Amino acid sequence: MSMAEIVAVDIGGTHARFAIATLAGGKVVGLALERTLKCADHDGLQAAWACYGSTIGRALPRGAAVAVACQVTGEMLKLTNNGWTIDRSRLPQQLGVDWTLIVNDFAAVAHAVAQADAAHLHPVCGPLTALPTAGVISVVGPGTGLGVALLDVAADGYRVLASEGGHSGFAPADATDAMLAVRLRERFGRVSAERVVSGPGLGNIHAVLSADGGGGHGDADLWARAIAGDDPRVSATLARFCRCFGSFCGDMALAHGADAVVIAGSLANRLIDHPAMAQFAEGFADKGRFAPAMRRIPVKLAIHPHAGLFGAAAAFARDSATPGRNPITAGDFH
């Protein structure tokens, strides 16, 4: 089986992650030389790419799979939560590669879910069954923003549908949520789900629930306090975050007609087996007449350490192995 190498890139609102991915038979067989760069330290992808190349001490492969936190439409792509732009027509020349594939960042995570081993899926709630081999899987995860994608699996393969579901409206489920919606509307105007279920969302919730208006905590400090669980007010904030997170995932499962849900991202991974995740399960199932059906949906956590990178490479691997999709053979990327 011939093998090939590409550079996998995962660009979010805060960080740009890079790795060398090895591909064979339409799948990812390895990731190496992973590096994480701060987007704010670089003018754009071309500068970050050059920085990555200078740190790993070897020539870069001639193919690139790039996952981006924005809609992948048109020639000019504007990252949603940072100032980078990408000119698709100029990208191969700028990076010095022969072939590029650009995919939405959460579509990339869905590709990772499709190709990941069962060992990389940790049960969260619902039945302890494997992901379906035929059906729909909702893939959701909070980070700097809130990502959503749909994975449609079948016996003969799978397809991924990207979405901007994180920008759908925040749907209050109880009186506390309603108060959140009112206060956040005063601050932001329209309140999307992302304003609540995201890294910065924890601070937004805390600013409303805390009597001191948030206590002046930065996002990183607030998350550390929340995970530690040594401050009752911050713990209450995390519990509300998890309930809203679960409620949103349940809404996406209903909208997609999902047979399973996978949550992903570094924030979600920080919550593995945290007591506050009991609130996630409550929020997920709290769908009135549909509550019994919701409890029958398995919810997993993707615990692959580099899901975005793996997924970008997985999308490229599948594309390069599909007849008529990629005229360049995998061997050309060594």
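**View 1. Crossing of helices α3 and α11 in the predicted model**. In this predicted model, the axes of α3 and of helix α11, which spans residues 307-321, come within 7 Å and cross at roughly 80°. Since angles of 65 to 115 degrees count as roughly perpendicular, α3 is therefore described as roughly perpendicular to α11. On the α3 side the contact is made by A108, V109, H111, A112 and Q115, which meet A307, G308, F310, G311, A312, A314, A315 and R318 of α11. Sorted by residue class, the contact of α3 with α11 holds 8 nonpolar, 4 polar and 1 charged residues.

**View 2. The open sheet and its edges**. The sheet is open and consists of 6 strands, in the order β8-β13-β12-β9-β10-β11, with mixed pairing. Its edge strands are β8 (121-125) and β11 (157-162), each of which pairs on one side only. From one strand to the next, the twist averages 25°. Helix α3 (residues 105-115) packs on this sheet, where α3 touches β9 (135-142), β10 (146-154), β11 and β12 (260-263), and the direction of α3 makes about 40° with that of β10. Helix α7 (residues 232-256) also packs on the sheet, touching β9, β10 and β12, and the direction of α7 makes about 150° with that of β9.

**View 3. Strand β13 and its partners β8 and β12**. Strand β13 (residues 299-302) runs antiparallel to β8, to which it is joined by 4 bridges, whereas β12 and β13 run parallel and are joined by 3 bridges. Across from β8, L121 stands opposite A302 of β13, and C125 stands opposite V299 of β13. On the β12 side, V262 stands opposite K300 of β13. In a regular strand, side chains alternate between the two faces of the sheet. Within β13, V299 and L301 point one way while K300 and A302 point the other way, and all of these residues, the lysine included, are buried.

**View 4. Packing of helices α7 and α9**. Helix α9 (residues 277-285) packs with α7 at an angle of about 35°, and the two axes lie 7 Å apart. The crossing of α7 and α9 is right-handed. From α7, the residues in the contact are A239, C242, R243, F245, G246, S247, C249, G250 and A253, and from α9 they are M277, Q279, F280, E282, G283 and F284. The residues of this contact of α7 with α9 divide into 8 nonpolar, 5 polar and 2 charged.

**View 5. Crossing of helices α6 and α7**. Helix α6, made up of residues 219-228, has an axis that comes within 8 Å of the axis of α7, and the two cross at roughly 90°; α6 and α7 are therefore roughly perpendicular to each other. In this contact L222, W223, R225, A226 and I227 of α6 meet V234, L238 and F241 of α7. The contact of α6 with α7 comprises 7 nonpolar residues, no polar residues and 1 charged residue.

**View 6. Position of A47 in helix α1**. A47 lies in helix α1, which covers residues 45-56. With a relative accessible area of 34%, A47 is partly exposed. A47 and A276 are 229 residues apart along the chain, and their C-alpha atoms are separated by 40 Å.

Note on methods. Residues are numbered from 1 along each chain as its sequence is written. This is a predicted model: local features need pLDDT of at least 70, side-chain atom pairs count only at pLDDT 80 or more; totals for chains, interfaces and linings use all residues. Side-chain values use heavy atoms; hydrogens and water are left out. Two strands pair if DSSP finds at least two bridges between them. Axes are lines fitted to C-alpha atoms, for helices over the stretch in contact, and angles run from 0 to 180 degrees between N-to-C directions. Contact means heavy atoms within 4.5 Å. A crossing is left-handed if the near helix is turned anticlockwise from the far one by less than a right angle, and right-handed if clockwise. Ala, Val, Leu, Ile, Met, Phe, Trp, Tyr, Cys and Pro count as nonpolar, Asp, Glu, Lys and Arg as charged, and the others, Gly among them, as polar. Buried means under 20% relative accessible area, exposed over 50%, partly exposed in between (1.4 Å probe, protein chains only). Angles under 35 degrees count as roughly parallel, over 145 as roughly antiparallel, 65 to 115 as roughly perpendicular and the rest as oblique.
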